[in-house]
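Biologist: Please take me through one part of this model in close detail, starting from an aromatic side chain and working outwards. I'd like to see how the pieces around it fit together.

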Amino acid sequence: MSVSRIPTRQRIVNTALELFASKGITETTTRQIADFAQVNEVTLFRHFGNKHGLLLAVLQECLQKYLVLAQVGESLMVSDISSQSDLRRFLKYYIQSSLRALESVPELVRSLVGEAGQYPLESRQALAQGINQVNQTIATAINDVLVNSRLQYSLPPIKLANLLNTCILGYAVITLTSDVQAIWRDRDEFVSTLVDMFIQEVNPLAQAQPINDISAETVREILLQAKKCGVKDYAIAYLLFGAGLTALDITRLRLKDYQHQANHGILITRDATGNERSVPLNQKILGHRYGSATNNPLSAYLKTRKNELKDLKDLKNIEDVASLLLSSDGKPLSLEEIEQLWERWTQPYRNLNGSPLTIDQARHTWCIEMLSRGIDVDSFCIISGIKPKELQAYQTRLNQKLAIDKAIALDT
């Protein structure tokens, strides 16, 4: 294309990019750019204001080309990504392509690094916005790769993209401003190391656990079986079905974690990192009432604790005494003991496929019941500790139950 057919503004930007890349920003004058672009210097100032305004336009042009590179790479690679080895291939392609793009304009990169402190705030902000745009594009590509490969990463895709591009830019700066071989043998070694660093944090996406709740009739029978076994068994079964706690949650409960608010029992649970959540202790479970806030299977068990504590004067660890539920030897109730108790109550019952009932099904049952009562999604996630992305499986199971109930109603 002849010079006359290229728009004046674009011609100036193209010329500036060529001169900045070959001579550096400082050594290039606006007069030289105007002469090579075959325009008057006044025309250059009319379009860009000054040299920094022109530099900003050049940087935006470079970032647009970089975005095209990223998007082309995404379209070439993401469509056939299906495994961790494909993710490695995608990362290697992107890193190598990015380095080649940066190394194609060495003087421009050197000048950007050396003169960055001289740029006005507007230019620095615009450059940061452009880099963020590149990061967003790569984050989208990385997310697509992870989804297609059924992989998960410990960092969100945008943070992964930010870190990846920071490493790439850092290597390019070192390469163009110092003796890189004192740090890396060659580019291939750097690329392989960077890819390995990211790949080792990638894990296969865990298969979603099927939601398998227990029928109301069976839950009633299990609770009655637990009641026959004793007050402690009854209290544990009540916590499983009345608050949706896991067996591990129950082992972590302390006496102070059982509280009363507005005629309702509240339990404070915490995970392994100490994060707390409050859970209401339902007085009604699948249509049957199990006492009140102050008179229920858990409160009945705690009354027996008064006598137990008197017999534990020689217990040295005060934290053991503070546990909400104790085993027969006065120690905190263990996960294994709770699972053994569950097997004792549920031994006569089976799932439709003939498999034994698992303790996780008590929590599934509580979750389905809470959703069926009409609790909003945000509140449910807060009290259950279930992440929003895991909610769909519970909602699907509830919809199945509702559909069956409607179909049965049509037949009566």
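Modeller: Happy to! Let's start at W184, which is partly exposed, with a relative accessible area of 21%. That value sits just above the cut-off, since buried means under 20%. Please keep in mind that this is a predicted model.

Now for the rings around this tryptophan. A pair of aromatic rings is described by the distance of the centres and the angle of the planes. In this model the count comes to 6 aromatic pairs. One of them joins Y171 and F190, and this pair is stacked, with 4.1 Å from centre to centre and 10 degrees between the planes. The pair links distant parts of the chain: Y171 belongs to helix 8 (residues 157–177) and F190 to helix 9, 19 residues apart. Y171 is buried, at a relative accessible area of 5%, and F190 counts as buried too, at 6%. F190 also meets our starting residue: the ring centres of W184 and F190 are 5.4 Å apart and the planes stand at 75 degrees, so this pair is edge-to-face. Put the two pairs together and you have Y171, W184 and F190 linked into a cluster. F190 takes part in both pairs, one stacked with Y171 and one edge-to-face with W184.

Next, follow F190 into its helix. Helix 9 covers residues 187–199, 13 residues in total, and spans 18 Å from its first C-alpha to its last, close to the 18 Å expected at 1.5 Å a residue. Its buried residues are F190, V191, L194, V195, F198 and I199. Why do they fall on the same side of helix 9? They cover an arc of only 160 degrees around the axis, and that places them on one side. At the N-terminal end, D186 acts as the cap of helix 9: one of its side-chain oxygens lies 3.3 Å from the backbone nitrogen of D188.

Further along the chain, K232 makes a good comparison for a polar side chain. This lysine is in helix 11 (residues 231–243), and at 16% relative accessibility it counts as buried. The K232 side chain reaches the backbone oxygen of L326 at 3.1 Å. Beyond its neighbours within four places in sequence, K232 is in contact with Y301, L325, L326, S327, S328, L333 and E337.

Two backbone details are worth a look while you have the model open. Most residues other than glycine have a negative phi. Q38 has a positive phi of about 60 degrees although it is not a glycine. You will find Q38 in the loop between helix 2 (30–37) and helix 3 (41–48), where it is exposed, with a relative accessible area of 57%. L286 is also not a glycine, and its positive phi is about 50 degrees. This leucine lies in the loop between strand 6 (284–285) and strand 7 (288–289) and is partly exposed, at 26%.

Finally, step back to the whole chain. The protein chain has 18 helices and 7 strands, and buried residues make up 42% of its 412 residues. Among contacts between residues at least 6 apart in sequence, 65% join residues at least 24 apart. The exposed area of the chain is about 22,400 Å², with carbon and sulfur atoms supplying 53% of it.

Key
Residues numbered from 1 in each chain as written. Predicted model: local features only at pLDDT ≥ 70, side-chain atom pairs only at ≥ 80, totals over all residues. Heavy atoms only, no water. Helix = DSSP H or I, 4+ residues; strand = E, 2+ residues; numbered from the N terminus. Expected span 1.5 Å × (residues − 1). Buried < 20%, exposed > 50% of the residue type's maximum accessible area, 1.4 Å probe, protein only. Arc of directions from axis to C-beta. Polar contact = N/O pair within 3.5 Å; in protein donor to acceptor, adjacent residues only side chain to side chain. Phe/Tyr/Trp six-rings, centres within 6.5 Å; stacked < 30°, edge-to-face > 60°. Contact = heavy atoms within 4.5 Å. Areas by Shrake-Rupley, 256 points an atom, 1.4 Å probe, with all protein chains shown as cover.
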